[in-house]
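This report describes helix packing and internal spaces in one protein chain. Please consult the sequence and structure shown here alongside the text.

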Amino acid sequence: MMAKLVLIHERATKFNTFSCATNAGAEGAIGVNYGMIANNLPTPDKVIAMYKANKISYVRLFHPDTTVLTALGGTGIGVVLGTFNEDLEHLASDESFAASWVASYVKPFAGTVTFRYITAGNEVIPGDLGTHVLPAIRNIETALKAAGVTGVPVTTAVATSVLGVSYPPSQATFSEASAPVMAPLVAYLSSKKAPLLVNVYPYFAYAAEPETVQLGYALLAGSSATSKIKVSSVTDGGLVYTNMFDAILDAAHAAVEKAGAQGLELVVSETGWPSGGGGTGATVENAAAYNNNVIRHAASGAGTPRRPGKAVETYLFAMFNENQKPEGTEQHFGLFQPDMSAVYPVDFAAGSY
């Protein structure tokens, strides 16, 4: 999670072959990030049972964990599997290391685990590790092919800090620091028909400028039929935005298109709202409103103003409150407490709106 201001706001083969990804029917589906920066979480088998009980279709893992992958076997839950950021340079420079990574964390589970994507790094662009992302993607792809694992796109997850100009959404571009990495990356992903994963956090924009950013606009209150929060709209050319989630996502769409990757799919790999920790607007009521509104909005299939009717696969952050994250709001993004009780009710079955 990139705990910083989101820039957009309301301002006016010889091997057996395993095909283990099922992209059909994923549009508009909701997943939840399974973060593990805590020392008091339930065992993985209990956690995955919670995913099943709550009808959560997808899980994102920030790093490989064989115990978790074993628990996911046979469940049908779609899995986004990440690499450690610190492994990126090794994955990029050493094909044998990439082959070993796939041999350890993908091939043994490919027959029973439904892998949706593999992500080479999380939020490393711009930065020193950014240049390793595309070579790491290529080496992982080569290793997957050699292992007989097909149908699993390899990509990365970026924060909105990759954007320079970002408001209005139609004018968004990649920043000077990120463009040299992002332009060839999005071109490559487009050629492979793989999505780019983007972490989208209206909360940080609201918390940074609550006097400027309307709360209802940040909370997607306009997507809730029962919300009593006033929401005004933002017009960008001929497009009307009633929430910041869509504005951020369409800014990323615009930047990708300006970089020459027309039609590249974006997946929201993280989004959420803290329920405590002392931050501006970090309340249980707001967190419940935001996450339930995101579920309704994503599952409706409405898409965004720039891509209407194109439902957005979306992952909430995160399954649990994590007690070893930095103090403050970072410890309060969970939907559940470590004792498996709900922080607030979340209706994962919503979406017939």
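## Packing of α4 against α5

In this predicted model, helices α4 and α5 are oblique to each other. Helix α4 covers residues 95-105 and helix α5 covers residues 133-146; their axes lie 8 Å apart and form an angle of about 55°, which is neither under 35 degrees nor within 65 to 115, and therefore counts as oblique. The crossing of α4 over α5 is right-handed.

On the α4 side, the contact is formed by E95, A98, A99 and V102, and on the α5 side by N139, I140, A143 and L144. Six of these contact residues are nonpolar, one is polar and one is charged.

## Packing of α5 against α6

Helix α5 also packs with helix α6 (residues 179-192), the two axes coming within 10 Å and crossing at roughly 25°. The two helices are therefore roughly parallel to each other, and their crossing is left-handed.

From α5, the residues in contact are V133, L134, I137, R138 and E141, and these meet P184, L185, Y188, L189 and K192 of α6. By class, the contact of α5 with α6 comprises seven nonpolar and three charged residues, with no polar ones.

## The largest pocket

The largest pocket holds about 330 Å³ of space. Its lining consists of 17 residues, of which I37, F62, H63, N85 and N122 are the closest to the pocket centre. Eight of the lining residues are nonpolar, five are polar and four are charged.

## The largest cavity

The largest cavity encloses about 70 Å³. Its lining is made up of H253, E265, L266, T304, R307, K310, A311, V312 and E313. Sorted by class, this lining contains four charged, three nonpolar and two polar residues.

## The second largest cavity

What is the volume of the second largest cavity? The value is about 50 Å³. Around this cavity are F245, D246, H297, A298, A302, G303, T304, A311, V312 and T314. Two helices, α9 (244-258) and α10 (284-300), each contribute at least two residues to the lining.

The lining of the second largest cavity divides into five nonpolar residues, four polar residues and one charged residue. T304, A311 and V312 belong to this lining and also to that of the largest cavity.

Note on methods:
Residues numbered from 1 in each chain as written. Predicted model: local features only at pLDDT ≥ 70, side-chain atom pairs only at ≥ 80, totals over all residues. Heavy atoms only, no water. 1 Å grid on protein atoms, 1.4 Å probe; cavity = no way out; pocket = protein on both sides within 12 Å on 5 of 7 lines; lining within 4 Å. Points joined across faces, edges and corners; volume = space filled by probe spheres on them. Nonpolar A, V, L, I, M, F, W, Y, C, P; charged D, E, K, R; others polar. Axes fitted to C-alpha atoms, helices over the stretch in contact; angles between N-to-C directions. Helix = DSSP H or I, 4+ residues; strand = E, 2+ residues; numbered from the N terminus. Parallel < 35°, antiparallel > 145°, perpendicular 65-115°, else oblique. Left-handed = near helix turned anticlockwise from the far one by under 90°. Contact = heavy atoms within 4.5 Å.
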